[in-house]
Amino acid sequence: MMSTMLDQRELMRAEDSSCESFAHLKSAMPTIPALMRVLQFGDSVLPVGAFTFSNGLESAIEQGLVHDLDSLQEFVLVAAEQAASADGIAVLAAYRAAREGDEDRIDEVDRAVFNRKLNEEIRTMTVRMGRKLAEMADRVLDGHDARLASGWLSRIKDGKAPGCYPVGQGLLFASLGLAEQDAFAVHQYGLASMMVAASLRLMKLHYLDAQAVLFAVNCEAAAAYERIARSSLEDMATFAPAIDVLACVHVGANVRMFMN
Amino acid sequence: MKLLAPELAAYQSQPKQLPSGSFGKNALLRLRFETRGDRSILAFSDRRAPLLVQRALYCDEGLPSMPVVFIISNSGGILQGDRYTMEFVVEPHACAHITTQAATKIHEMDANYAAQTQEIRLEEGAYLEFLPDMVIPFRHARFHTSTRIKIAPSATLLYSEILTCGRQYYREGEVFQFDVFSSTVRAERLDDTELFVEKFVIEPQRAAVPRLGIMGEFTVFGNVILLTPPEHADAIHGQVEAVWNHEEQWAAGASRLPNDAGLVYKVVGKESSVVRAKVREFQALVRPQVTGSCVPPEFSWR
C-alpha cells in the first residue's frame, strides 16, 4: 500500500514540478526522513484512539447492511468518498494556513469542520482524536516544528478551538515540511484503515481479504485529491443519509464495541 | 461571471427560452409575521410571479391562533433558468406555519440550472413551522438551493426538506436521474455567530446514489432541522427512537446539532408517504413541547 501511495506522490510532485511551493521540499527534504515521517504519522496504530471508532461500520454490520467482502468494500469506499469531499478539503485548508503560519485561519478551518459535524458521535470522534494528535505533536516534534501544534493545543485547552482531527493532520504535515498530498493521503488512509481494522473484529472476514479492501479503497485517493484540491471550505459537502441514520442508531444501541 | 457553486460549472449555457433570471423566472416571496392581540398575523407580504401566496388561513385546529400560508406557483414547477428568492421573518413571540400547495416539480433541463435562496429570520420567542411538500427532480434537473437561517436563542424553527429520487413510477422508473441537486443550510444567531452548516451535493452520474451508506435501496430522503432551546431539544431527543425498520422499509434517527442549536432528524424510505408520515410524527413531538398545542390529524385531502 505504502509504495503505491508514495509512487502517486512522486507522480504528483513531478506533475507539479513547475510549482514553486514544492521546489524547496525536493531540495530540503531527503526522501528517507520524509518517508519515515509519513510512515510514523500515517500509521494506523498512531496513539490517537482510532481503534475505538468504526465510523458507522458497527451499526451497518449490526443491521445486516454490511455482511460480506463486497458490501464491506462498498461501504468503506463510500465513507472514504464522503471524507474526501468534506474533511479532505479541511486537511488541505489547514495545511495551507499552517504553511502561512496563520493561526486565525487554522481556527476558522477548525470551526468550519466542527459546525459541519451534525452527528454527536462523529463530533466526539473528531475532537477526541484531534486533541490527542495535538498532544502528541506538542510532545514529539522539535521545538520550532512544534510551535503551531503547541499553540493549537493551548487554544483547544482554553476552549478557543474545537480541535478537529483533519485540522490537526494538515497542521502537523505542514509543520513537518511534508507535502499536502501526503497529508491528504494519510487522512484517507487513516479512515479506511480504521474501518477495515474494525471490520476484522466485527465480522467474519479473512485478514488478507481485509487488506485487499484497503488496497482497493486506497486506489481511489489520487482521483479524490484531484477533485477537491482547488475547493474552498464553502464547498465542503457530503451526502450519506444512510450513514447519518446508522450513526443515530448506534447512539441508542445497547451493545457496542466501538464509540461510533 | 462568478460561479454560484462549482457543482454548477457544467451548466452555464443560456436557455433558448427566456434568459435565466428574467421576468417570470425571478420569483420573490417575502412574508413577515407578527403578533396582533391574542393571535399572530401575516403582517406583510410581497410577491413576484411565479411564486404567490393568498391570505393567511387559520385552519390548524391544534393552533387556531397561528396563520397558515400556502406557497403557490403559477408556473407548474421549477424550470431551467429560474431564480427564486424567499424571505420569511417572524417577529418576537409570533408564530406561523408555511407550506406549499403541492409537491415542487423540478423539470427536465437541457440548458442552465435553477437556483433558489431562502432567508429565514426568527426573533426572540418566535415559532415557525416551514414544512413544504416534497421535491421531485426530473431527469437532468439541476437545482441549487441555499438557505440562511438567523434565529434568536429562545425561538424555534422546524424546517423540513423531502427529496424524492424523481418520478419513481414514470415509464421504466426515474430513479436518481437528475444531474445535480445541491442544498446548503446555514444557521446563525442574530449576532452572526455560526451554529451549523450542512451542505449536500448529489450528482448521480458522478457518484451513484443507490450505494450502501448513501441511499442504498431507499428512494426518498427527509431532512428535518429543529432549532430550539436546549431544554426542548433534550426533551424531544429523548422521545425519538433511532430505528432501522426492515419490514416497513424505512430508517430514521435524530442527533443533537453542534453549538446547542437543536436537533437534526433524518428519514429515508422507499415511499414518500412513509417519509412524510415520519416527518409529521416528529412535528407532533415538537409542537406540544414548544407551544403546548397539539398537531391535529392530517386533512384527508392532503
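Visitor: How many helices and how many strands does chain A have?
Guide: This is a predicted model. From the N terminus on, every element of chain A in the run is α. The count for chain A is zero strands and 13 helices.

Visitor: What percentage of the residues of chain A count as buried?
Guide: Chain A has 260 residues. A residue is buried if 20 or more other C-beta atoms lie within 10 Å of its own. By that cut-off, the buried part of chain A is 52%.

Visitor: What span should helix 7 of chain A have?
Guide: Helix 7 covers residues 120–140 of chain A, which is 21 residues. Each residue counts for 1.5 Å, and the expected span takes one less than the number of residues. The end C-alpha atoms agree with the expected value, so the span is 30 Å.

Visitor: Which helices help cover the buried residues of helix 7 of chain A?
Guide: The buried residues of helix 7 include Ile122(A), Met125(A), Met129(A) and Leu133(A). Arg123(A) and Arg131(A) are also among them. The cover over the buried residues of helix 7 includes helix 6, helix 8, helix 9 and helix 13 of chain A.

Visitor: Which element gives the largest share of the side of chain A that touches chain B?
Guide: The contact takes 34 residues from chain A and 31 residues from chain B. On the side of chain A, helix 5, helix 7 and helix 13 each give two or more residues. The largest share, nine residues, comes from helix 13.

Visitor: How many residues of the side of chain A that touches chain B are nonpolar?
Guide: That side also holds seven polar and eight charged residues. The nonpolar residues number 19.

Notes
Residues numbered from 1 in each chain as written. Chains lettered and ligands numbered in written order. Predicted model: local features only at pLDDT ≥ 70, side-chain atom pairs only at ≥ 80, totals over all residues. Helix = DSSP H or I, 4+ residues; strand = E, 2+ residues; numbered from the N terminus. Buried ≥ 20, exposed ≤ 12 C-beta atoms within 10 Å, placed from the backbone. Contact = placed C-beta atoms within 7 Å. Nonpolar A, V, L, I, M, F, W, Y, C, P; charged D, E, K, R; others polar.
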